[in-house]
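Here are my notes on this model, point by point. Have the structure open while you read.

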Amino acid sequence: MNILVTGANGFIGQALCARLCADARHVRGAVRSPQKAETLPKKVSPVIVKSIGPQTDWSEALTGIDTVVHLAARAHVLKDAAADPLTAFREVNLKGTARLAGMAAQSGVRRFIYMSSVKACGENRGLPYSEDDQPEPQDPYGISKWEAEQALHEISEKTGMEVVVIRPPLVYGPGIKANFLSLFKIIERGIPLPLAGVENRRSLIYLENLVDAVLKCILHPKASGKTYFVSDGVDLSTPELIRKIAAAMGKPARLFYSPSFLLKAAGMFSGKSGQVDRLTGSLTVDSDKIQRALGWKANYTIDQGLSETAKWYLKIKDA
């Protein structure tokens, strides 16, 4: 099997490529520059694709490919500098994805795995999302992901190329960046956090569990045409997550109580409402469908995943 992985040098891409190579798959990794190609696992064949959009030429990348795993995307950011964020997200996440899928179908690709997001369905909801829920994305990133899913299914109907959509919640593991990495830094430094009273629920997925899910979607015949939510299977409140991270690092969890209205006010006045919403809001998913249909399960518990992430963080911190 010859597999093209886009975003191959990214957080998820590097882990997936390493696993595919370990399983003796022939892997081609699409990256944006020769410098980024140097970060790929040794057995991955790099191909340079400078930008992703409606005009991207994927001919070289797709030659001889059986399966595409499309990870590359314009990522969600809390402060978007683009003048028109929705247009910017659509250019890459919708039009760029449709361009790749269209060329993949023409090249004879059998199956196209698309890494979407829980945000394609919505956010800040008390009940877990399932595949039966009607998507109601709330921000430009989520809208572009949902639109890309629809475009892929249309291409599949016209061409016969099999499409599988994966919607993960927050992904964590060695190599994490952004807000989750910042949380590790804050906890390791012993900075008190006013989150003891937060009673939310959040789903997460450990990187290696997500890689396992992708492998199932590549290989299992019943995955064709399906959309799957995936998670570690245990939802945590923010205080519970902080306590687990602290325990994994051998540090105390320094939490104190602050009323929710004060947290929201602080977020508003500091321009960090998005971060506060993520720490206090709920966002959960039901991953029963992929477990029942494909026999997938989360092989790593949250405690194991956070332990491996903490080991990585403490190692790079002292490097």
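1. Which residues line the largest cavity? Keep in mind that this is a predicted model. The lining is made up of Ile186, Ile187, Gly190, Ile191, Leu193, Ile242, Pro252, Ala253 and Arg254. Sorted by class, that lining comes to 7 nonpolar, 1 polar and 1 charged.

2. How much space are we talking about? The volume of the largest cavity is about 40 Å³. Searching the whole structure for cavities of 30 Å³ or more turns up 1. As background, rolling a probe the size of a water molecule over the atoms is what shows where empty space is left.

3. Next, a helix pair. Helix α6 covers residues 178-188 and helix α12 covers residues 302-317; the two pack with their axes 11 Å apart and at an angle of about 75°. Since angles of 65 to 115 degrees count as roughly perpendicular, α6 is therefore roughly perpendicular to α12. On the α6 side the contact is made by Phe180, Leu181, Phe184, Lys185 and Glu188. On the α12 side you will find Leu306, Thr309, Ala310, Trp312, Tyr313, Leu314 and Lys317. The contact of α6 with α12 breaks down into 8 nonpolar, 1 polar and 3 charged residues.

4. Lys185 deserves its own look. This lysine sits in helix α6 and is one of the residues that α6 brings to the contact with α12. Is Lys185 buried, exposed or partly exposed? Its relative accessible area is 32%, so Lys185 is partly exposed. Lys317, on the α12 side of that contact, is 132 residues away from Lys185 along the chain, yet their C-alpha atoms are separated by 9.0 Å.

5. Now some backbone oddities. Most residues other than glycine have a negative phi. Ala24 has a positive phi of about 65°, although it is not a glycine. You will find Ala24 in the loop between α1 (11-22) and β2 (26-31). Its relative accessibility is 62%, so Ala24 counts as exposed.

6. Ala178 is another such case: its phi is positive, near 55°, and it is not a glycine. This alanine is in helix α6. With a relative accessible area of 57%, Ala178 is exposed.

7. Which loop holds Lys119? Look between β5 (111-115) and α5 (140-159). Lys119 has a relative accessible area of 9%, and since buried means under 20%, this lysine is buried. Along the sequence Lys119 and Tyr141 are 22 residues apart, and in space their C-alpha atoms are 7.6 Å apart.

8. Arg74 belongs to the loop between β4 (67-70) and α4 (85-106). At 23% relative accessibility, Arg74 counts as partly exposed. The C-alpha atoms of Arg74 and Ile52 are separated by 9.1 Å, with their positions 22 residues apart along the chain.

9. Last one: is Gln55 buried or exposed? Gln55 counts as exposed, at 66% relative accessibility. Its place is the loop between β3 (45-48) and α3 (59-62). If you want to trace a pair across the model, try Gln55 and Val164: they are 109 residues apart in sequence, and C-alpha to C-alpha they are 24 Å apart in space.

Technical notes: Residues are numbered from 1 along each chain as its sequence is written. This is a predicted model: local features need pLDDT of at least 70, side-chain atom pairs count only at pLDDT 80 or more; totals for chains, interfaces and linings use all residues. Side-chain values use heavy atoms; hydrogens and water are left out. Axes are lines fitted to C-alpha atoms, for helices over the stretch in contact, and angles run from 0 to 180 degrees between N-to-C directions. Helices (H or I, at least four residues) and strands (E, at least two) are DSSP runs, numbered from the N terminus. Angles under 35 degrees count as roughly parallel, over 145 as roughly antiparallel, 65 to 115 as roughly perpendicular and the rest as oblique. Contact means heavy atoms within 4.5 Å. Ala, Val, Leu, Ile, Met, Phe, Trp, Tyr, Cys and Pro count as nonpolar, Asp, Glu, Lys and Arg as charged, and the others, Gly among them, as polar. On a 1 Å grid over the protein atoms alone, a cavity is a set of points where a 1.4 Å probe fits but cannot get out, and a pocket is an open set with protein on both sides within 12 Å along at least five of seven lines; lining residues have an atom within 4 Å of a point. Grid points are joined across faces, edges and corners, and a volume is the space filled by probe spheres set on the points. Buried means under 20% relative accessible area, exposed over 50%, partly exposed in between (1.4 Å probe, protein chains only).
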